[in-house]
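Subject: Structure handover

Hi,

Here is the structure I promised to pass on. Please open it next to these notes.

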Amino acid sequence: MLAEFSEKQKIPYPLLSDVDSEVIRAFGILNDTVEPGDAMLYGIPYPGTYVCDEAGVVVAKFFHESYKKRDSAELYIDAALGRVVLDEAAPSVSHGDEDVQVTVAVQGGSGSLRQGIVRQAIVRFDLADGLHLYGPPAPEGMIPLAVTLKGPPGLVAEAAELPPTETLHLADMGIDLEVWSGSFEVRVPFYAVGELASETRPLDVDSVILEVQARFQACDDNTCLLPRTESLSLELPLEAIDVPNIDLHTGHGQREGAYDGTPHLRRLLLRKIRQHPLGFLRYLRKHRRLIKEAKARRAD
């Protein structure tokens with residue numbers, strides 16, 4: 001299966017067929033939420049990616065609980081380079097004045113959204129000389145920077161990832177504050193789940209509106225400007241996802257594979273049945289129960 005997949009998809013690097021999960025176990029990533037009795041799924045890993053340098057040393061790793069959440073390829077490249085590289089074609093919007101300029105750009109997939117693929121809103125702040133923004137926590141009366149992201153139902157926004165701050169000592173007040181000055185970037189990961197974009201149905205809409213809000217107060221060493229809120233929005237296109245060309249996945253309006261996976265699925269089923277005949281029956285029973293429960297929820 002992997003040989004045909006590699007040939008049809010024109011993959012230029014080797015693929016590993018780990019039928020008995022030996023490599024998965026050696027890396028310690030066997031999915032322990034799947035029990036041996038779950039014959040069809042037992043032996044799968046937690047979905048993830050290791051990023052190695054030229055010497056083969058792991059410099060970053062990305063792992064998730066489910067295959068329905070994956071990182072954009074651009075995040076892997078950034079991890080290898082140690083910095084964010086934005087595509088010039090990435091959608092972006094800017095607003096501000098001579099004191100504080102805020103720019104929002106979407107990293108990954110040229111700004112498109114696909115089910116489960118993590119993108120990042122890169123929120124850049126450019127401050128005038130002498131100004132700074134406070135990092136949390138800030139003393140009472142001072143407004144720390146807060147960045148939030150919103151979208152339609154089915155768009156999941158994770159917590160903002162703030163860069164390291166610098167310590168500012170205010171001798172007159174006798175306090176140390178954590179601040180940012182100059183130019184810096186905040187990252188907000190986000191992705192679409194099945195409610196917004198699913199592999200089991202055609203897309204309901206062609207695009208969605210992403211709203212980013214930044215609340216802050218700019219100060220110099222003596223005085224502070226009034227607190228302000230910048231709200232910026234971007235329209236992002238929705239895209240279908242890549243699915244295997246097998247009966248379970250075809251016909252749902254997604255981007256189907258260039259090769260027929262049915263013969264390979266049959267071989268997988270036969271091997272799993274031989275290994276765990278009772279487990280396969282349990283799998284079928286569980287599958288039917290889940291379908292029945294899903295129908296009941298739709299009826300309600």
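Below is what came out of it, topic by topic.

First, the ground rules. This is a predicted model, with local features needing pLDDT of at least 70, side-chain atom pairs counting only at pLDDT 80 or more, and totals for chains, interfaces and linings using all residues. Residues are numbered from 1 along each chain as its sequence is written, and side-chain values use heavy atoms, with hydrogens and water left out.

**Sheets**

Helices (H or I, at least four residues) and strands (E, at least two) are DSSP runs, numbered from the N terminus. Two strands count as paired if DSSP finds at least two bridges between them.

One open sheet has three strands in the order E8-E13-E15, paired antiparallel. E8 (146-150) and E15 (228-237) are the edge strands; each has a single partner, so one side of each lacks a neighbour in the sheet. On average, neighbouring strands here are turned by 15 degrees against each other, direction ignored. (Axes are lines fitted to C-alpha atoms, for helices over the stretch in contact; angles run from 0 to 180 degrees between N-to-C directions.)

E8 and E13 (residues 207-216) are joined by five bridges. Ala146 sits opposite Arg215 in E13. Between E13 and E15 there are 10 bridges, again antiparallel. Val208 has Leu236 in E15 as its bridge partner.

In a regular strand, side chains alternate between the two faces of the sheet. On E15, the covered face carries Arg228, Glu230, Leu232, Leu234 and Leu236. Its uncovered face has Thr229, Ser231, Ser233, Glu235 and Pro237.

A second open sheet has four strands, ordered E10-E11-E7-E14 and paired antiparallel. Here E10 (166-170) and E14 (218-219) are at the edges, each with a single partner strand, so one side of each has no neighbour in the sheet. Five bridges hold E10 against E11 (residues 175-181). Leu170 is opposite Ile175 in E11.

**Aromatic pairs**

Rings of Phe, Tyr and Trp (its six-membered ring) pair if their centres lie within 6.5 Å; planes under 30 degrees apart are stacked, over 60 edge-to-face, and the rest tilted. The count is six aromatic pairs.

Tyr50 and Phe63 make an edge-to-face pair, 5.2 Å centre to centre with 70 degrees between the planes. Tyr50 is in E1 (residues 48-52) and Phe63 in E2 (residues 58-63), 13 residues apart. For burial, the cut-offs are: buried under 20% relative accessible area, exposed over 50%, partly exposed in between (1.4 Å probe, protein chains only). Tyr50 is partly exposed at 31%. Phe63 is partly exposed too, at 29%.

Phe125 and Phe216 have ring centres 6.0 Å apart and planes at 85 degrees, so this pair is edge-to-face. Phe125 is in E6 (residues 117-127) and Phe216 in E13, 91 residues apart. Both Phe125 and Phe216 are buried. They belong to one aromatic cluster with Trp180 and Phe184.

**Salt bridges**

A salt bridge here is a side-chain nitrogen of Lys or Arg within 4 Å of a carboxyl oxygen of Asp or Glu. There are six.

Glu158 and Lys69 meet at 2.4 Å, N to O. Glu158 lies in the loop between E9 (155-157) and E10, and Lys69 in the loop between E2 and E3 (70-71), so the pair ties together parts 89 residues apart in sequence. Glu158 is partly exposed at 30% relative accessibility. Lys69 is buried, at 17%.

Arg124 and Glu185 form another, with the closest N and O atoms 3.8 Å apart. Arg124 is in E6 and Glu185 in E12 (residues 183-192), so this bridge ties together parts 61 residues apart.

Arg201 bridges to Asp204 at 3.2 Å between the closest N and O atoms. Arg201 is partly exposed at 26%, whereas Asp204 is exposed at 53%. Asp97, Arg228 and Glu230 are joined into one network by salt bridges that share partners.

**Around H2**

Ser21 is in the loop between H1 (2-9) and H2. Ser21 is buried, with 5% relative accessible area. Val23 lies in H2 (residues 22-26) and is partly exposed at 31%.

Best wishes
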